[in-house]
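Me: Hi! I have a structure open and would like to talk it through with you. Could you walk me around it?

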Amino acid sequence: MNLFRLCGDLSHLLAICVLLVKIWRTRSCAGISGKSQALFALVFTTRYLDLFTTFISPYNTVMKIVFIVTAYGTLYLMLVKFRATYDANHDTFRAEFLVIPAAGLALLVNHNFSVLEILWTFSIYLESVAIMPQLYMITKTGEAESITSHYLFALGMYRALYIVNWAYRYFMEDFYDWIAIVSGCVQTALYCDFFYLYITKVMKGKELKLPA
């Protein structure tokens, strides 16, 4: 494992921790898209089914378990414990418009036509667009809390660092995975507008608002 992937993983963990702390401390999930969180839970579930068949390293196993547990833990907090604070009226993005195309593409474009490989590919495609309900929700409400902005920034940095990781592996290890690379670039591109607003507004103490 190289430094860029490690930093990417840590940024991903930081994003999750920021989100969970935000929900727990405020006793509210206002401003958080339950649909995006459900999509991330689906991503981790389908990607890490190899927990039962393949052992790579203790680090790899622990990280997989952490991502699955925290994904469903977040959903529990949002949809059960603090359900009264969930803003379903603004969380209206049609998630099926993301899930169905991702599933169809996974069946058509994959490395190997096997159940686990197709599910892994599906998770890669779906993760690249899973943040869209959250960004759409911010657009509808017109603003985002600072802590939610920090969560999104850390999540975006996770993917940006993974792009550097793939470049490093290509030049240093002669390894590349075009499915992961292209999907990661799509995911990072979705954050570009948000990154600009975060740097020009949130880091200067201003409120973050996405253009309608």
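Me: Let's start with a tyrosine. Where does Tyr-136 lie?

Reply: Happy to help! This is a predicted model, and in it Tyr-136 lies in helix H6, which covers residues 132-141.

Me: Is Tyr-136 buried, exposed or partly exposed?

Reply: Tyr-136 is partly exposed, with a relative accessible area of 36%.

Me: And what does Tyr-136 touch, leaving out residues up to four places away in sequence?

Reply: With those left out, Tyr-136 touches Thr-92 and Phe-93. Ser-33 is another residue to look at: the C-alpha atoms of Tyr-136 and Ser-33 are separated by 9.0 Å, although the two are 103 residues apart along the chain.

Me: Nice. What about the loop before that helix, where is Ala-130 found?

Reply: Ala-130 is found in the loop between H5 and H6. It is a buried residue, since its relative accessible area is 0% and buried means under 20%.

Me: Which residues does Ala-130 touch, again skipping those up to four places away in sequence?

Reply: Ala-130 touches Ser-36, Leu-39 and Phe-40. For a distance across the model, take Thr-61: Ala-130 and Thr-61 are 23 Å apart in space, C-alpha to C-alpha, and 69 residues apart in sequence.

Me: Then back one helix. What is the place of Thr-121, and is it buried or exposed?

Reply: Thr-121 has its place in helix H5, residues 115-129. With a relative accessible area of 0%, Thr-121 is buried. Beyond residues up to four places away in sequence, Thr-121 touches Ala-106, Val-109, Asn-110 and Ile-179.

Me: Let me zoom out. How many helices and strands does the chain have?

Reply: The chain has 8 helices and 0 strands. Read from the N terminus, the elements run α-α-α-α-α-α-α-α.

Me: How compact is the chain?

Reply: The radius of gyration is 17 Å, close to the 17 Å that the globule rule gives for 212 residues, so the chain is as compact as a globular protein of that length. Its C-alpha trace spans about 45 × 35 × 30 Å along the principal axes.

Me: And the contacts, how much do residues 24 or more positions apart account for?

Reply: They account for 76% of the contacts in the chain with a separation of 6 or more. On burial, 43% of the 212 residues count as buried.

Me: What does the surface look like in terms of area and charge?

Reply: About 11,000 Å² is exposed by the chain, and carbon and sulfur atoms supply 68% of that. As for charge, there are 17 positive and 14 negative side chains, and the centres of the two sets lie 8 Å apart.

Me: I always think about cysteines at the bench. How many disulfides does a search find?

Reply: A search of the whole structure finds 0 disulfides. Cys-7, for instance, is in no disulfide, and the nearest cysteine sulfur, that of Cys-17, is 16 Å away. Cys-185 is in no disulfide either, with the sulfur of Cys-192 as the nearest cysteine sulfur, 10 Å away.

Me: How accessible are Cys-7 and Cys-185?

Reply: Cys-7 is partly exposed at a relative accessible area of 31%. Cys-185 also counts as partly exposed, with 35% relative accessibility.

Me: Changing topic to backbone angles. What is phi of Arg-27?

Reply: Phi of Arg-27 is near 55°, a positive value in a residue other than glycine. For context, most residues other than glycine have a negative phi. Arg-27 lies in the loop between helix H1 (3-26) and helix H2 (34-47), and at 42% relative accessibility Arg-27 counts as partly exposed.

Me: And what about phi of Asp-174?

Reply: Asp-174 has a positive phi too, near 55°. This residue lies in the loop between helix H7 (146-173) and helix H8 (178-200). Asp-174 is exposed, with a relative accessible area of 62%.

Me: One more, a methionine. Where is Met-63 found, and what does it touch?

Reply: Met-63 is found in helix H3, residues 58-81. Apart from residues up to four places away in sequence, Met-63 touches Asp-9 and Leu-13. Met-63 is buried, because its relative accessible area is 11% and the cut-off for buried is under 20%.

Me: How far is Met-63 from Met-78?

Reply: Met-63 and Met-78 are 22 Å apart in space, C-alpha to C-alpha, and 15 residues apart in sequence.

Notes
Residues are numbered from 1 along each chain as its sequence is written. This is a predicted model: local features need pLDDT of at least 70, side-chain atom pairs count only at pLDDT 80 or more; totals for chains, interfaces and linings use all residues. Side-chain values use heavy atoms; hydrogens and water are left out. A disulfide is a pair of cysteine sulfur atoms within 2.5 Å. Buried means under 20% relative accessible area, exposed over 50%, partly exposed in between (1.4 Å probe, protein chains only). Helices (H or I, at least four residues) and strands (E, at least two) are DSSP runs, numbered from the N terminus. The radius of gyration is taken over C-alpha atoms; the globule rule is 2.2 Å times the number of residues to the power 0.38. Contact means heavy atoms within 4.5 Å. Accessible areas come from the Shrake-Rupley method with a 1.4 Å probe; for residues, only the protein chains shown count as cover. Lys and Arg count as positive and Asp and Glu as negative; His and the chain ends are not counted. The place of a charge is taken as NZ of Lys, CZ of Arg, CG of Asp or CD of Glu.
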